[in-house]
Structures are given as C-alpha cells and as structure tokens.
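The exercises below are meant to be worked with the sequence and the coordinates side by side. Each task is followed by a solution that proceeds step by step.

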Amino acid sequence: AEMTRTNLYFVGIFAVLSLVEGIGEDHNPQPDYTIRCQSTKGPFVINMVRAWSPRGADRFKDLVEEGYFDDGVGMFRVVKGFLVQFGISNNVSRNAAWEVKSPIPDDTRVLSTFKRGYVSFAGSGPNSRTTQTFICYQDNNHLGNAPWETPFGWISGYDMEKVVDNFYSEYGDIPHFGGKCPDQGRYSHEGGEYVKKEFPNLDYITSCRVTPKFIGAKLIEKTEEKIGTSFSVVLIASICLALVFAILIASRWAISGEGAAAKKD
C-alpha cells in the first residue's frame with residue numbers, strides 16, 4: 001500500500017507538470033514582465049527580458065507608458081522570412097517629440113544569434129536607437145552583428161503564427177533593397193495621412209500596455225481565443241484541484257485496502 005501511495009503521488013506530480021509543459025516550449029527565459037499589444041490583425045504579447053538589453057527594454061517600456069502606440073504605429077516594412085519593422089507613429093507630434101530625445105547607448109551583446117520572434121530596436125549606427133523596432137521572422141545568424149541589434153524580448157510561436165505572420169507584406173522591403181514600402185522620412189513628418197492614402201493595406205499596432213508576468217501566459221492565450229480569459233484561468237485552476245483531489249482519494253482508498261487486509265490476517 002505504501003508503494004501504491006508513492007506511485008500515485010508521482011503520477012499526480014507528472015500530470016500537473018504535463019499540464020504546463022507547453023509554457024516553456026519556446027525555449028526562452030521567463031519574462032520580467034509582458035507587454036500586450038493590440039494590432040489590426042489581433043493581439044500579441046512581447047515577453048520582456050531586461051537582462052538581454054537593459055537600455056532597450058527600458059526605452060520600449062517608456063514608449064508604451066507614454067502612449068506612443070495609441071495613435072497607430074504602422075508595420076511599414078514587412079519582409080517574409082526576414083523581419084517586420086515598425087516604430088513610426090501616425091501622430092506627427094509624437095514623432096517630433098521623440099526625435100528631440102537622445103538616442104540610447106548600445107547594450108552589451110548577450111545573445112549570439114536572433115531567433116524567430118525576437119524583438120529588437122533598429123538603428124543606423126552605434127548608439128542610434130530611438131523608436132524603430134523589428135520582430136525577427138526566422139532564426140537568423142546575420143542579425144545581431146551590429147552593436148545596436150540586441151533583443152529585449154520575445155514573442156511566442158503561437159502569437160507569431162496567429163498574428164505577426166499575417167501582417168500585410170505586399171509592400172515588402174525598403175526601395176534600396178527592391179521593395180516598395182513607405183518612405184520612413186515622409187512617414188515620420190507626414191504621419192498617418194501619408195501612409196493611409198498611399199499604402200491603404202498597411203497593418204498597425206493600435207495600442208500597447210504593460211501587463212504583469214503570468215506563468216501560464218501561453219496556455220491562457222490558446223484558451224482565451226475560444227472561451228475568454230476569465231474562464232480559461234478557472235479551467236486551469238479546476239484541473240489542478242481535480243488532480244490533487246484524485247490523488248487524495250486514491251491515497252485514502254489505498255489506506256482502507258491496507259486496513260482491510262490487516263483485519264483478515
């Protein structure tokens with residue numbers, strides 16, 4: 001009976017761990033906090049890892065907290081298999097206000113390569129990071145060689161597939177590389193009027209908010225799409241409680257069986 005109880009405990013522990021196994025399947029560290037962005041293709045979450053790029057993470061958080069994304073920020077450079085770049089506001093006043101702020105110094109490089117879903121500031125040279133950011137579409141050994149390319153967070157494979165992969169990409173790369181995406185200078189100084197008129201299919205981030213870290217974020221996101229956040233939290237908690245009760249009941253059953261056997265002896 002003692003062996004039976006021990007086995008039951010191990011089975012219960014294994015079941016609980018299996019329930020949350022998907023949380024770490026992206027093979028990335030747990031975030032310090034998350035930033036939830038709403039876009040014209042749906043919501044996605046940036047898992048912020050400050051140790052990767054302290055100055056980069058702090059600058060992006062400042063942009064979010066000051067409402068930089070609330071007037072719309074176009075995904076103006078979308079190159080399938082490479083990256084999606086954004087960081088220019090539809091609000092000309094916001095662009096002007098951030099242009100006068102000093103660029104942030106480069107961070108010490110921590111990661112050797114970029115992986116799919118990594119988020120980093122773009123730059124034009126050493127110590128040049130301001131507001132423009134990109135998301136990496138595929139694992140890439142070439143990104144990250146420049147000192148300003150240091151990821152500050154990651155997006156789950158689920159959010160990449162459901163949202164980020166679907167940003168409109170027909171405008172492609174910058175003209176220098178054979179694409180026809182919006183001119184960054186005009187976008188910055190003419191704002192949403194320019195891109196909405198000449199690039200009507202462009203996708204946008206419409207808001208971003210800092211949210212607390214939650215260990216079950218990935219599992220919650222998958223459930224949330226169908227049945228809503230509140231119910232998904234209750235569902236996961238209920239499953240865990242049910243497993244605990246099952247272990248306790250089975251344990252008591254084993255003890256009862258042991259007692260009955262002792263009386264027969």
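**Exercise 1.** With which residue does Arg 55 form a salt bridge, and how far apart are the closest N and O atoms?

*Solution.* Bear in mind at the outset that the model is a predicted one. Arg 55 pairs with Asp 107, and the closest N and O atoms of the two are 3.6 Å apart, which falls inside the 4 Å limit for a salt bridge. Because Arg 55 belongs to helix α2 while Asp 107 sits in the loop between α3 and β6, the pair ties together parts that are 52 residues apart in sequence. As to exposure, Arg 55 counts as partly exposed because its relative accessibility is 41%, whereas Asp 107, at 8%, counts as buried. The pair does not stand alone, since a network of salt bridges links Arg 55, Asp 107 and Arg 129.

**Exercise 2.** Locate Arg 209 and Asp 70 in the fold, and explain which parts their salt bridge ties together.

*Solution.* Start from the distance: the closest N and O atoms of Arg 209 and Asp 70 are 3.0 Å apart. Next, place the partners: Arg 209 is in strand β9 and Asp 70 in the loop between α2 and β3, so the bridge ties together parts 139 residues apart in sequence. Finally, consider exposure, where Arg 209 has a relative accessibility of 44% and therefore counts as partly exposed, and Asp 70, with a relative accessible area of 33%, is likewise partly exposed.

**Exercise 3.** Are Asp 173 and Arg 77 buried or exposed?

*Solution.* The side chains of Asp 173 and Arg 77 meet in a salt bridge with an N to O distance of 2.6 Å. Since Asp 173 lies in the loop between α4 and α5 and Arg 77 in strand β4, the contact ties together parts that are 96 residues apart in sequence. The cut-off for burial is under 20% relative accessible area; Asp 173, at 12% relative accessibility, therefore counts as buried, and Arg 77, at 10%, counts as buried too. By the rule applied here, the count for the model comes to eleven salt bridges.

**Exercise 4.** Describe the largest nonpolar core, and state which element gives the largest share of it.

*Solution.* This core has 30 residues, and those touching the most other members are Ile 35, Phe 44, Ile 46, Phe 60, Phe 69, Val 164 and Phe 167. Two or more residues come from each of β1, β2, α2, β5, β6 and β9, with α2 giving the largest share, namely four residues. Beyond its neighbours up to four places away in sequence, Phe 44 touches residues including Ile 35, Ile 155, Val 164, Phe 167 and Ile 205. A second, separate core has eleven residues, among them Cys 181, Phe 199, Leu 202 and Tyr 204.

**Exercise 5.** Which residues are closest to the centre of the largest pocket, and how does its lining divide by class?

*Solution.* The largest pocket has a volume of about 350 Å³. Its lining comprises 18 residues, of which Ile 88, Thr 130, Thr 131, Gln 132 and Gln 184 are the closest to the centre. Turning to the elements, α3 and α5 each supply at least two lining residues, and α3 gives the most, with three. Sorted by class, the lining holds five nonpolar, eleven polar and two charged residues.

How values were computed: Residues are numbered from 1 along each chain as its sequence is written. This is a predicted model: local features need pLDDT of at least 70, side-chain atom pairs count only at pLDDT 80 or more; totals for chains, interfaces and linings use all residues. Side-chain values use heavy atoms; hydrogens and water are left out. A nonpolar core is a set of buried Ala, Val, Leu, Ile, Met, Phe, Trp, Tyr and Cys residues joined through side-chain atoms within 4.5 Å. Buried means under 20% relative accessible area, exposed over 50%, partly exposed in between (1.4 Å probe, protein chains only). Contact means heavy atoms within 4.5 Å. On a 1 Å grid over the protein atoms alone, a cavity is a set of points where a 1.4 Å probe fits but cannot get out, and a pocket is an open set with protein on both sides within 12 Å along at least five of seven lines; lining residues have an atom within 4 Å of a point. Grid points are joined across faces, edges and corners, and a volume is the space filled by probe spheres set on the points. Ala, Val, Leu, Ile, Met, Phe, Trp, Tyr, Cys and Pro count as nonpolar, Asp, Glu, Lys and Arg as charged, and the others, Gly among them, as polar.
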